[in-house]
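Welcome! Work through the exercises below at your own pace, with the sequence and the 3D view open beside you.

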Amino acid sequence: MRAIELDGVGGPEVMRWAQAPDPKPGHGEVLIDVVAAGVNRADLLQRQGLYAPPPGATTIMGLECSGVIAELGPGVRDWRVGDRVCALMSGGGYAERVAVPEGQLLPVPEDFDLGAAAGLPEVAATVWSNLVTTAGLRAGQLVLIHGGGSGIGTHAIQVARQRGARVAVTAGSDEKLRRCAELGAQVLINYREQDFVEMVRAESSGADIILDNMGAAYLARNIQALAPHGHLVVIGMQGGTTAELNLGALLVKWGNLHATNLRGRPATGKHSKAEVISEVRRQLWPLVTDGTIVPVIHAELPIAEAAEAHRLLDSSEAFGKVTLRVRD
Ligand SMILES: NC(=O)c1ccc[n+]([C@@H]2O[C@H](COP(=O)([O-])OP(=O)(O)OC[C@H]3O[C@@H](n4cnc5c(N)ncnc54)[C@H](OP(=O)(O)O)[C@@H]3O)[C@@H](O)[C@H]2O)c1
């Protein structure tokens, strides 16, 4: 097969569409003929040598893909050759074929575009596991989503609104905020011009849940913006990893601080990818496949142009996901 190989680590130019060994499905795995792959910020870090794949995972980039099952490994019972699927993975999506544990698959109906489905597993699993499972999202709460125009943000807005929450978002341009409002966001904060702490406090006693991509840079202000008993869930470190934590500020609010990671979850068992995907399939997937929650795809590029896709995601131009088309 062909796959995106890395000539060392560095800028987008180190990526090369080249021959690679064919994967074989192990016990409990299926082999997917990949139709499209989602691009994630983690891939940009992996390409730069800043985010190694977990032990045992392929070194090929790509945390999600869509496609058709080509082969079943031993012990697979619930899937058939020819099934249309999308999958959450620890790597391997930037390729013509990938082997994936069966518990990480989601079914893609006949009338649902397989290209768009490639951009869903990572956002669905991240948003559900953090907003609902970890932070206990409930109707009537105020949720602050940083980076509302990101792949994660565009999905999180829709999930939070569907669960009956009020949604505040930050973004770096008024155009992105306008598009966040179209997806259901109600409090629009341009982080270049406005103070999110003030804006959120003007709405209520603070945000019940904050989904944060900025890490260190926003830690102190996120705690200021948190409502009593609120949950700050850090999923990204775009603003650095190290900051001083004022425990007093958290304590007086009975605040909760979480920092989570999807890729490092085991395939099966407690807190596994299979556990997250099973909840997504049961509770969220019906809303996705009936069109209530829509995939937001900024651009789909041919896999041979993966370098351009990485530049695009890094540019802040994208609203929603960037995906790579591997085959028609
Ligand atoms: N922990 C996990 O398991 C997990 C899983 C998936 C993703 N993530 C993380 O979630 C984040 C979003 O991922 P993605 O793939 O959806 O990324 P993405 O589409 O590349 O989006 C990155 C976003 O960061 C926003 N941003 C930049 N500076 C900001 C600031 N000062 N304040 C608020 N937002 C700012 C950008 O907003 P503008 O363009 O408007 O400036 C952009 O929307 C990333 O940090 C990623 O690493 C974590």
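## Exercise 1: Around the ligand

Find where the ligand lies relative to the two domains.

*Solution.* Domain 1 (2-120 + 295-325) and domain 2 (123-259) each give residues to the shell around the ligand, so the ligand lies between them. Keep in mind that this is a predicted model. Next, look at the residues themselves: of the 29 around the ligand, the nearest are Gly-147, Ser-150, Gly-151, Gly-172 and Gly-236. Then turn to the elements: α1 (41-47), α3, α4 (151-162) and β9 (166-171) each give two or more residues to this shell. The largest share, 3 residues, is from α4. Finally, sort the shell by residue type: 17 are polar, 9 nonpolar and 3 charged.

## Exercise 2: Following helix α3

Work out where α3 bends and how many of its residues are buried.

*Solution.* Start by tracing residues 121-134, the span of α3, and stop at Trp-128, where the helix bends by about 25°. Now check burial: 11 of the 14 residues in α3 are buried, including Trp-128 and Leu-131. Past the helix comes Gly-136, with a positive phi near 65°.

## Exercise 3: Into the core

Which residues have the most contacts inside the largest nonpolar core?

*Solution.* This core has 97 residues, and those with the most contacts inside it are Ile-32, Cys-65, Tyr-94, Leu-131, Val-143, Val-169 and Ala-207. Strand β3 (residues 29-39) gives the core its largest share, 8 residues. Both domain 1 and domain 2 supply at least three residues to this core. To finish, pick Ile-32: leaving aside neighbours within four places in sequence, its contacts include Cys-65, Val-85 and Arg-97.

How values were computed:
Residues numbered from 1 in each chain as written. Predicted model: local features only at pLDDT ≥ 70, side-chain atom pairs only at ≥ 80, totals over all residues. Bend = angle between axes of the 7 residues up to and from the residue. Helix = DSSP H or I, 4+ residues; strand = E, 2+ residues; numbered from the N terminus. Buried ≥ 20, exposed ≤ 12 C-beta atoms within 10 Å, placed from the backbone. Near = placed C-beta within 6 Å. Nonpolar A, V, L, I, M, F, W, Y, C, P; charged D, E, K, R; others polar. Domains from an automatic or database assignment. Core = buried A, V, L, I, M, F, W, Y, C linked by C-beta atoms within 7 Å. Contact = placed C-beta atoms within 7 Å.
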